Amino acid sequence: MTGVVGKMHTPRPSHSVGWTCVALVMLLILAWVDSRTGPDFRFSLLYLLPVVLTAVTQGRSATVGAAITATVGSLAAEMVWQPHPDVAVWVWNGLTHLVIFLALGLMTVHARRHREQLAAMNVELNELLHREGLLARTDPLTGLSNLRYFLERVGFEAERARRYQHALAVAYVDLDNFKQLNDTRGHAAGDEMLRKVADALRSHVRAVDIPARLGGDEFAVLFTEAEPVTLEAVANRLVTEIEALGRSMGGADLGASIGMAFFRRPPADPAELLRHADEAMYQAKALGKGRVVVTHPLLPGEAPHAVERRAGSGQEGHLSK
């Protein structure tokens, strides 16, 4: 907080010089007009304008200088139309003007600084809230969405899909033999692999899709407004890339089983969507891992069915549930 507030008092030379010239010109004009109009017209309040202007645009020192200059200007004008004033009255008037100019000028400086401090605090508070919000919905290891935020977005997108009759799909990604990698290469290597898998997910999905880490070696992706054939091709490429990532780490036998639930009209409960994708993933595991299973649990007019394809094999089979 102090770092932000401290930056507020950094001088801005170009602006300071400009406002100083404006205030000085105003004071000279006021003093000249005051000297011409005589004692019948008082300009004391008008002398406050350049003082306040200086206080609003500059700092304490400049404001003190403006107050002194305004006092001198008013006394000089008084001497023009009263060449031989009573010294005591003249000094009293000068001190009175100086005190008033200083008080209002310094109060304005103080109020401006408080306003700037509050503005700086609000900016930092908003940044803190933004960071807290990111932490609350982000997995700290991979930077993907976490389970809570993922379910929130699934619920929101499911509602939108029902309203506008858009298709929706949820993919459940479980890494094959990840425990073996952790046991043989250590948890640091396992964490590095999880980050690489997260990067692979980001690179294969669209900006509107939402990849997430659900926990451990389990991931998920929410796809909006996409067709099963396209999504299946994306999932197969993911399986192939994850297998390549395993080979790049000393030949680790790492792979991925992906279950995908495709909905023409998704259910209201986001956990229900994720459950269908989870069941499809377990079907992929049961078929020998390293596979993609796409199910259509809510396809209108049809009994739920699934299409399974081995990554890279080009062979297709149908599963009944």
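Buried means under 20% relative accessible area, exposed means over 50%, and partly exposed lies in between (1.4 Å probe, protein chains only). The model is predicted: local features need pLDDT of at least 70, side-chain atom pairs count only at pLDDT 80 or more, and totals for chains, interfaces and linings use all residues. Residues are numbered from 1 along each chain as its sequence is written, and side-chain values use heavy atoms, with hydrogens and water left out.

**Exercise 1. Ser74 and Arg60 in one helix**

Classify Ser74 as buried or exposed, and find its C-alpha separation from Leu98.

Solution.
- Step 1: locate the residue. Ser74 is found in helix H4. Helices (H or I, at least four residues) and strands (E, at least two) are DSSP runs, numbered from the N terminus.
- Step 2: apply the cut-off. Ser74 has 4% relative accessibility, so Ser74 counts as buried.
- Step 3: take the distance. Ser74 and Leu98 are 24 residues apart along the chain, and their C-alpha atoms are separated by 10.0 Å.

Now repeat the exercise for Arg60, using Met107 as its partner.

Solution.
- Step 1: Arg60 belongs to helix H4 (residues 60-81).
- Step 2: the relative accessible area of Arg60 is 44%, so Arg60 is partly exposed.
- Step 3: Arg60 and Met107 are 47 residues apart in sequence and 9.8 Å apart in space, C-alpha to C-alpha.
- Step 4: list the contacts (heavy atoms within 4.5 Å). With neighbours within four places in sequence left aside, Arg60 is in contact with Leu106, Val109 and Arg113.

**Exercise 2. Two helix pairs**

Describe how H7 packs on H8, and how H6 packs on H10.

Solution.
- Step 1: choose the descriptors. Two packed helices are described by the angle between their axes and the distance between the axes. Axes are lines fitted to C-alpha atoms, for helices over the stretch in contact, and angles run from 0 to 180 degrees between N-to-C directions.
- Step 2: set the classes. Angles under 35 degrees count as roughly parallel, over 145 as roughly antiparallel, 65 to 115 as roughly perpendicular and the rest as oblique.
- Step 3: take the first pair. Helix H7 (residues 178-185) and helix H8 (residues 187-204) pack at about 140 degrees, with axes 6 Å apart. H7 is therefore oblique to H8. H7 contributes Phe178, Leu181, Asn182 and Arg185 to the contact, and H8 contributes His187, Ala189, Gly190, Met193 and Leu194. By class, the H7 contact with H8 has five nonpolar, three polar and one charged residues. Here Ala, Val, Leu, Ile, Met, Phe, Trp, Tyr, Cys and Pro count as nonpolar, Asp, Glu, Lys and Arg as charged, and the others, Gly among them, as polar.
- Step 4: take the second pair. Helix H6 (residues 147-164) and helix H10 (residues 270-286) pack at about 105 degrees, with axes 8 Å apart. H6 is therefore roughly perpendicular to H10. The contact uses Leu147, Phe150, Leu151, Val154, Gly155 and Ala158 of H6, with Pro270, Ala271, Leu273 and Leu274 of H10. The residues of this H6 contact with H10 divide into nine nonpolar, one polar and no charged.

**Exercise 3. The core and strand E4**

Which residues have the most contacts inside the largest nonpolar core? Which element supplies the largest share?

Solution.
- Step 1: define the core. A nonpolar core is a set of buried Ala, Val, Leu, Ile, Met, Phe, Trp, Tyr and Cys residues joined through side-chain atoms within 4.5 Å.
- Step 2: name the centre of the network. The largest nonpolar core has 35 residues, and Leu175, Met193, Phe219, Phe223, Ile258 and Met260 have the most contacts inside it.
- Step 3: assign the elements. Strand E1 (168-176), H7, H8, strand E3 (218-224), helix H9 (228-248), E4 and strand E5 (291-295) each supply at least two residues of this core. H8 gives the largest share, seven residues.

What polar partner does the side chain of Ser257 have?

Solution.
- Step 1: Ser257 sits in strand E4 (residues 255-263).
- Step 2: Ser257 has 0% relative accessibility, so Ser257 counts as buried.
- Step 3: a polar contact of 2.9 Å joins the side chains of Ser257 and Asp176. A polar contact is a pair of N or O atoms within 3.5 Å; within protein, one must be able to donate a hydrogen and the other to accept it, and residues adjacent in sequence count only if both atoms are side-chain atoms.
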